[in-house]
Amino acid sequence: MPKFEYAPAPESRSVVSLRESYGLFIDGAFTDTVDGRPFKTISPATEEVLAEVTEAGPSDVDRAVTAARKAYDQTWSRMPGTERAKYLFRVARLVQERSRELAVLESLDNGKPIKESRDVDIPLVAAHFFYHAGWADKLEFAGYGPSPRPIGVAGQVIPWNFPLLMLAWKIAPALACGNTVVLKPAETTPLTALAFAEICQQADLPPGVVNIVTGAGETGRALVEHPGIDKVAFTGSTEVGKQIARACRRTHKRNTLELGGKAANIVFEDAAMDQAVEGIVNGIFFNQGHVCCAGSRLLVQESVYDEVIASLRRRLSTLRLGDPLDKNTDVGAINSAAQLAKIRELSDVGEAEGAERWSPPCELPARGFWFPPTIFTGVTQAHRIAREEIFGPVLSVLTFRTPAEAVEKANNTPYGLSAGVWTEKGSLILWMASRLRAGVVWANTFNRFDPTSPFGGYKESGYGREGGRHGLEAYLDV
Ligand code: NDP
């Protein structure tokens with residue numbers, strides 16, 4: 001296959017105007033910290049400082065929770081659903097209007113390719129607000145009783161892999177159901193959440209309905225442990241998820257957790273091979289593999305193993321790694337030095353344990369955090385790279401002979417977030433789907449998201465669902 005050279009096609013940064021420093025968004029306004037301190041957020045692609053933001057202290061969190069409580073009691077929980085819907089529609093439209101700016105900002109702060117932030121993240125953010133705006137005045141038809149009530153103030157903690165999209169997954173259903181929120185974005189990706197705070201102002205959202213407290217793990221801990229929080233929603237690592245579950249149990253808070261994954265992407269011999277190879281690539285190299293539901297374990301039927309590996313290597317050789325703002329870039333930067341160190345460590349362990357490592361020839365930029373797309377073959381179920389979440393562009397390949405063996409291997413994990421099945425046989429898809437212990441099973445596709453479809457896990461992947469009618473339950477007093 002010829003490999004074309006492309007001229008650089010960078011998206012302009014001029015659509016983004018960053019302030020030098022940002023305060024906290026509390027009670028409808030940006031305010032200075034009381035007991036926090038400033039820290040810098042950088043571009044992982046260049047290590048350039050983008051802006052100074054604030055690590056909120058416990059008093060700041062307290063102010064935010066107080067503002068959210070007041071807004072809940074006095075305004076938002078009393079407002080008819082038809083009125084709440086208008087605000088959510090307005091937010092959705094503002095996200096669309098500012099989509100180019102938000103996409104550039106997301107790629108700058110997170111390192112993901114602009115074609116993903118532009119074509120996946122931001123359109124889905126708007127879709128989540130549109131979808132939940134539609135529910136706001138129809139909650140009595142959601143199947144949770146004739147007049148379902150909101151819960152109160154939600155404390156929401158989100159990770160860095162889909163910063164604005166995870167914000168939308170958390171804030172849109174909470175607001176639609178009549179709750180108010182205090183949200184903490186991840187330490188390394190606070191900028192689009194702060195842009196969202198501006199959107200709340202533009203939409204004239206009543207003060208205190210949405211509060212954004214930037215910071216690190218300690219800010220998150222102060223938020224989830226605050227006695228004024230009624231419900232905690234968390235997406236992130238299983239380790240922190242377990243700590244949060246314990247804290248919530250002690251304080252009788254409701255909680256939903258969306259944690260890690262080690263999804264099996266299962267390719268049968270009769271699958272449409274070109275599509276399956278695209279699906280494998282999308283499954284693990286989308287967003288540099290920083291995806292909780294990434295198809296990080298490829299299970300290939302033995303009879304087509306050689307063919308699949310050869311096609312995969314060919315396809316990987318055409319992936320373009322580099323400047324996240326270049327429209328031709330397929331693989332962007334790793335989000336942080338810490339995450340890069342983790343990916344390197346686990347990849348080294350993979351090699352040390354005897355798996356065979358392969359990456360296409362690929363030049364890594366001198367500055368920033370980068371890791372080449374990598375495939376490990378000869379992986380067994382005992383290898384750490386088959387069991388642990390790497391959260392990077394690293395694929396572990398295993399084989400199977402029969403559908404029963406595929407199911408057994410796929411389910412042999414403490415996680416249970418997603419799975420993929422590639423076959424021409426509809427009956428085999430259904431047979432597999434009913435046996436795979438995963439919250440989402442994709443058939444002949446992978447990494448497809450839709451606000452109407454519930455998402456969530458089994459076992460160590462967490463509990464509760466986000467999206468769809470099922471996702472409303474987490475924000476209603478049912
Ligand atoms: P964390 O679980 O630490 O971070 C998720 C969010 O929780 C962040 O906002 C974080 O803040 C916050 N947080 C951290 N500690 C606490 C605490 N004690 N109480 C409340 N909130 C807290 O994930 P990491 O970013 O450290 O990533 C580590 C690993 O987790 C990754 O390598 C990956 O394997 C997995 N991961 C899984 C994700 C998923 O979607 N399932 C998403 C992200 C990571 P801060 O950012 O400041 O640390």
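Q: In this predicted model, which element gives the most to the lining of the largest pocket?
A: Let's start with the helices and strands around that space. Those giving two or more residues to the lining of the largest pocket are α7 (217–225), β8 (231–235), α8 (238–251) and α11 (337–352). With seven residues, the top contributor is α8.

Q: Which residues lie nearest the centre of the largest pocket?
A: This pocket holds about 1200 Å³ of space. Its lining is made up of 43 residues, and those nearest the centre are W160, F234, G236, S237 and V240.

Q: How many residues in the lining of the largest pocket are nonpolar?
A: Sort the lining by class and you get 13 polar and 13 charged residues. Domain 1 (13–259 + 459–475) and domain 2 (264–443) each supply at least three residues to this lining. The nonpolar count is 17.

Q: Which residues are closest to the ligand?
A: Go by heavy atoms within 4 Å of the ligand. That gives 28 surrounding residues, and the closest are I158, W160, A216, S237 and K342.

Q: Which residue offers a backbone N or O atom to a nitrogen atom of the ligand?
A: Take the side chains out of the running to begin with. W160 uses a side-chain N or O atom, 2.6 Å from an oxygen atom of the ligand. S237 has a polar side-chain atom 2.6 Å from a ligand oxygen atom. The backbone contact, at 3.4 Å from a ligand nitrogen atom, comes from R221.

Q: How much of the ligand's accessible area does the protein cover?
A: Begin with the ligand on its own, which has 860 Å² of accessible area. The share of that area covered by the protein is 87%.

Q: Where does the second largest pocket lie relative to domain 1 (13–259 + 459–475) and domain 2 (264–443)?
A: On volume, this pocket comes to about 580 Å³. Its lining has 27 residues, with E278, N282, F286, F446 and R448 closest to the centre. Both domains give residues to the lining, so the second largest pocket lies between them.

Q: Which element gives the most to the lining of the second largest pocket?
A: Two elements give two or more residues here, α4 (114–136) and α9 (273–285). The one that gives the most, with six residues, is α9.

Q: How many charged residues are in the lining of the second largest pocket?
A: Split this lining by class too. It has twelve nonpolar and seven polar residues. The charged ones number eight.

Conventions
Residues numbered from 1 in each chain as written. Predicted model: local features only at pLDDT ≥ 70, side-chain atom pairs only at ≥ 80, totals over all residues. Heavy atoms only, no water. 1 Å grid on protein atoms, 1.4 Å probe; cavity = no way out; pocket = protein on both sides within 12 Å on 5 of 7 lines; lining within 4 Å. Points joined across faces, edges and corners; volume = space filled by probe spheres on them. Helix = DSSP H or I, 4+ residues; strand = E, 2+ residues; numbered from the N terminus. Nonpolar A, V, L, I, M, F, W, Y, C, P; charged D, E, K, R; others polar. Domains from an automatic or database assignment. Polar contact = N/O pair within 3.5 Å; in protein donor to acceptor, adjacent residues only side chain to side chain. Areas by Shrake-Rupley, 256 points an atom, 1.4 Å probe, with all protein chains shown as cover.
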